[in-house]
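This report walks through a two-chain model, beginning with strand pairing and ending with the contacts between the chains. Please keep the sequence and the 3D view open while reading.

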Amino acid sequence: MTQAVMERRQVLTFLGALAAAGFVAPQAAFANWDKTAFDAKTMDDALKALGAGTPANSGDVQIVASDIAENGAVVPVQAVSRLPNTERIAILVEKNPNMLAAAFDMAPDTIPEVTARIKMGQTSNVTVLVKADGKFYAASKEIKVTLGGCGG
Amino acid sequence: MGNPMKIRASAKDGVTEIKILMSHEMETGQRKDANGTVIPAWFINEITAKLDGKTVMQAQWGPSISKNPYLAFKVKGGKAGDKVSVTWVDNRGDTRTDEAAVT
């Protein structure tokens, strides 16, 4: 048995012990899921966690949604980017307990238009954040909610 | 395992439109039951969609995606008969993969 194999085994045992002891949250098992960004409670924190800083407002970013959502539990939103080389589109709801609703990573052949349904606790600005060519752009739209979607 | 997803994919004028309807509770972790106990969060947090074996979309979701999530997007290329495969993983580590053919 080589030393490398030994070391790996020790590391695995160590991680296993951590998980068993409850030090590692179940979410930590998914390396890709950006916990910091999804846990962010303020717009600044969410943008920081996404690496966006202060995104420029852009007319090439569009939010297609109705002005009034009757049911906050199901608000259809389409996020569209007309910017070349769009790599990522994120949807953020300013007044939700956690701003970030979703982040979509596109392959080069994927047209940067995504439709999803989000929950909104109350009337709020919804921001679409687009990463294109390594730069960040954003657009916001207020959606009025007549019946909240996050209550009990 | 969860219930099967509904996947519709259609190719038209060199663009394939993929629509996915997933079956999931998407519990936010904000709600309380009748006894005032917080219902733990339970939601899909990662989605991977492939067209003809190539990853075309990877998404990360938080709990503010609606119950029984819907996702639609378009991809350049693709033709009738190509395989669309979608996989989700939820925050409990449950996962499900479904496939459909482009029409």
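Trp88(B) has Arg96(B) as its bridge partner in S7(B), in a model that is predicted. The pairing to which these residues belong joins strand S6 (residues 83-90) of chain B to strand S7 (residues 95-101) of chain B through seven bridges, with the two strands running antiparallel. Four residues lie between the strands of this hairpin, where Gly93(B) takes a positive phi near 85°.

A second hairpin is found at the other end of the strand numbering, where strand S1 (residues 6-12) of chain B pairs with S2(B) in the antiparallel sense, also over seven bridges. Within this pairing, Ser10(B) has Glu17(B) as its bridge partner in S2(B). The hairpin of S1(B) and S2(B) has two residues between the strands, and Asp13(B) takes a positive phi near 50° there.

Taken as a whole, chain B has zero helices and seven strands, and read along the sequence it follows the pattern β-β-β-β-β-β-β. Its C-alpha atoms fill a box of roughly 55 × 20 × 20 Å along the principal axes, and buried residues make up 37% of its 103 residues. Among contacts in chain B between residues at least 6 apart in sequence, 56% join residues at least 24 apart. An unreviewed UniProt entry carries the annotation "domain: Sulphur oxidation protein SoxZ" for residues 8-100 of chain B; in the model, the end C-alpha atoms of that span lie 7 Å apart, and the span is 0% helix and 53% strand.

Positive phi values also occur at two loop residues that are not glycines, one in each chain, and these are set out below.

| Residue | Phi | Loop | C-beta neighbours inside 10 Å |
|---|---|---|---|
| Asn85(A) | about 60° | between S4 (75-81) and S5 (86-93) of chain A | 13 |
| Met26(B) | about 50° | between S2 (15-21) and S3 (44-51) of chain B | 22 |

Are these two residues buried or exposed? Asn85(A) counts as partly exposed because it has 13 C-beta neighbours inside 10 Å, whereas Met26(B) counts as buried because it has 22.

Turning to the contacts between the chains, 34 residues of chain A are in contact with 33 residues of chain B. On the side of chain A that touches chain B, the elements giving two or more residues are strand S6 (100-106) and strand S7 (110-118) of chain A, and S7(A) gives the most, with eight residues. By class, this side of chain A has 21 nonpolar, seven polar and six charged residues.

Strand pairing also crosses from one chain to the other, since five bridges join S6(A) to strand S4 (residues 54-61) of chain B, and these two strands run antiparallel. In this pairing, Asp105(A) stands opposite Gln58(B) in S4(B).

The largest nonpolar core has 62 residues, and those with the most contacts inside it are Ala90(A), Ile91(A), Leu92(A), Leu100(A), Ala102(A) and Ile118(A). The largest share of this core, six residues, comes from S6(A). Leaving aside neighbours within four places in sequence, Ala102(A) is in contact with Ala90(A), Ile91(A) and Ala116(A), and across the chain boundary with Ala59(B), Gln60(B), Trp61(B), Gly62(B) and Ile65(B).

Note on methods:
Residues numbered from 1 in each chain as written. Chains lettered and ligands numbered in written order. Predicted model: local features only at pLDDT ≥ 70, side-chain atom pairs only at ≥ 80, totals over all residues. Pairing = 2+ DSSP bridges. UniProt positions renumbered as here; feature names shortened; annotations may be inferred. Buried ≥ 20, exposed ≤ 12 C-beta atoms within 10 Å, placed from the backbone. Contact = placed C-beta atoms within 7 Å. Nonpolar A, V, L, I, M, F, W, Y, C, P; charged D, E, K, R; others polar. Core = buried A, V, L, I, M, F, W, Y, C linked by C-beta atoms within 7 Å.
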